[in-house]
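Work through the exercises below with the structure in view. Try each task before reading its solution.

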Amino acid sequence: MSTHSPTIEVVSGDITREQTDAIVNAANESLLGGGGVDGAIHRAAGPRLARAGAELAPCDPGDAKATPAFDLTPPIKHIIHTVGPIWEGGNHAEPETLASCYRRCLEVADELRAETLAFPAISTGVYGFPADRAAHIAVTTLRTTPTNVRHIRLIAFDQRTYRLLADELARQQL
Ligand code: ADP
């Protein structure tokens, strides 16, 4: 196990344009594709991705499963699909399930020997998880989970998410 924590960086952009070894998809349990970041990743990776997803499905909330990256541009080699919690008010273990997503993605990245990894803001779109709380959970979990991943990029698709993640990271790195 690595003795170093990964470096964490917040960046604006589209996760399908990343140059990491693996990218994380905020998928749904079917692993067949959907809207938001899931739709963008399936479009960029091509139709083989849904076929690979179907063979691995279902994926439980809080869990993660990997496929090849198919038509995505190298160096991306793997897509790690995780299923975030659907926000139902916060008393249905949504925070714990979201933390589990980040932990499981790091475990799967370690199994794949991926050293660089990009995450979207899991659950904060259609699934409705409050983005400020999600940013706190994302940064806390990634900072405290042992891993061999060396570098993590948190990809913000909008300005508000960028600000929340950047502020949270700055607070925790004081
Ligand atoms: P969920 O169903 O887990 O809520 P969504 O895809 O609806 O997933 O949203 C998760 C986050 O991903 C949101 O912040 C959304 O703006 C963002 N997102 C959407 N498209 C992309 C993309 N191409 N790259 C990175 N993030 C994206």
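## Exercise 1: The ligand and its surroundings

The ligand has 15 residues around it, and the closest are Ile15, Val37, Ser123, Gly125 and Val126. The model is predicted.

**Task.** Find which backbone atoms lie across from oxygen atoms of the ligand, and state how much of the ligand the protein buries.

**Solution.**

1. Start at Ser123. A polar backbone atom of this residue is 2.9 Å from an oxygen atom of the ligand.
2. Go on to Gly125. Here too a polar backbone atom lies 2.9 Å from a ligand oxygen.
3. Then take Tyr127. One of its polar backbone atoms is 3.0 Å from an oxygen atom of the ligand.
4. Now turn to area. The ligand taken alone exposes 570 Å², and the protein buries 90% of that.

**Task.** Describe the shell around the ligand by element and by residue class.

**Solution.**

1. Look for the element that gives the most. Helix α1, residues 36-45, does so with 3 residues.
2. Sort the shell by class. There are 8 nonpolar, 5 polar and 2 charged residues.

## Exercise 2: The largest pocket

**Task.** Say which space the ligand takes, then describe that space.

**Solution.**

1. Place the ligand. The space it takes is the largest pocket.
2. Give the volume. The largest pocket holds about 610 Å³.
3. Find the lining. It consists of 28 residues, and Ala26, Gly36, Val37, Ala121 and Gly125 are the closest to the pocket centre.
4. List the elements. β2 (22-27), α1, β6 and α5 each give two or more residues to this lining.
5. Pick the main contributor. α1 gives the most to the pocket lining, with 4 residues.
6. Sort by class. The lining of the largest pocket has 14 nonpolar, 10 polar and 4 charged residues.
7. Link back to the first exercise. Val37 and Gly125 are among the residues closest to the ligand, and both are also among those closest to the pocket centre.

## Exercise 3: The cavity

**Task.** How many cavities of 30 Å³ or more does the structure hold? Which residues line the largest cavity nearest its centre?

**Solution.**

1. Count. The structure has 1 cavity of 30 Å³ or more.
2. Give the space. The largest cavity contains about 90 Å³.
3. Name the lining. Of its 15 residues, Tyr102, Ala121, Ala135, Thr161 and Leu165 lie nearest the centre.
4. Assign elements. α4 (131-144), β6 (151-156) and α5 (159-172) each supply at least two lining residues.
5. Pick the main contributor. α4 gives the most to the cavity lining, with 4 residues.
6. Sort by class. The cavity lining has 13 nonpolar and 2 polar residues, with no charged ones.
7. Find the shared residue. Ala121 is one of the residues nearest the cavity centre, and it is also one of those closest to the centre of the largest pocket.

## Exercise 4: Unusual backbone angles

**Task.** Where do the cis peptide bonds to Pro58 and Pro75 lie, and which loop holds Arg113?

**Solution.**

1. Begin with Pro58. The peptide bond from Ala57 to Pro58 is cis, with omega near 0°. Pro58 is in the loop between α2 (48-56) and β3 (64-68).
2. Move to Pro75. A cis peptide bond joins Pro74 to Pro75, with omega about 15°. Pro75 sits in the loop between β3 and β4 (78-83).
3. End with Arg113. Its phi is positive, about 60°, although Arg113 is not a glycine. Arg113 lies in the loop between α3 (94-112) and β5 (116-119).

How values were computed: Residues numbered from 1 in each chain as written. Predicted model: local features only at pLDDT ≥ 70, side-chain atom pairs only at ≥ 80, totals over all residues. Heavy atoms only, no water. Near = heavy atom within 4 Å. Polar contact = N/O pair within 3.5 Å; in protein donor to acceptor, adjacent residues only side chain to side chain. Areas by Shrake-Rupley, 256 points an atom, 1.4 Å probe, with all protein chains shown as cover. 1 Å grid on protein atoms, 1.4 Å probe; cavity = no way out; pocket = protein on both sides within 12 Å on 5 of 7 lines; lining within 4 Å. Sits in = over half its atoms within 2 Å of the grid points. Nonpolar A, V, L, I, M, F, W, Y, C, P; charged D, E, K, R; others polar. Points joined across faces, edges and corners; volume = space filled by probe spheres on them.
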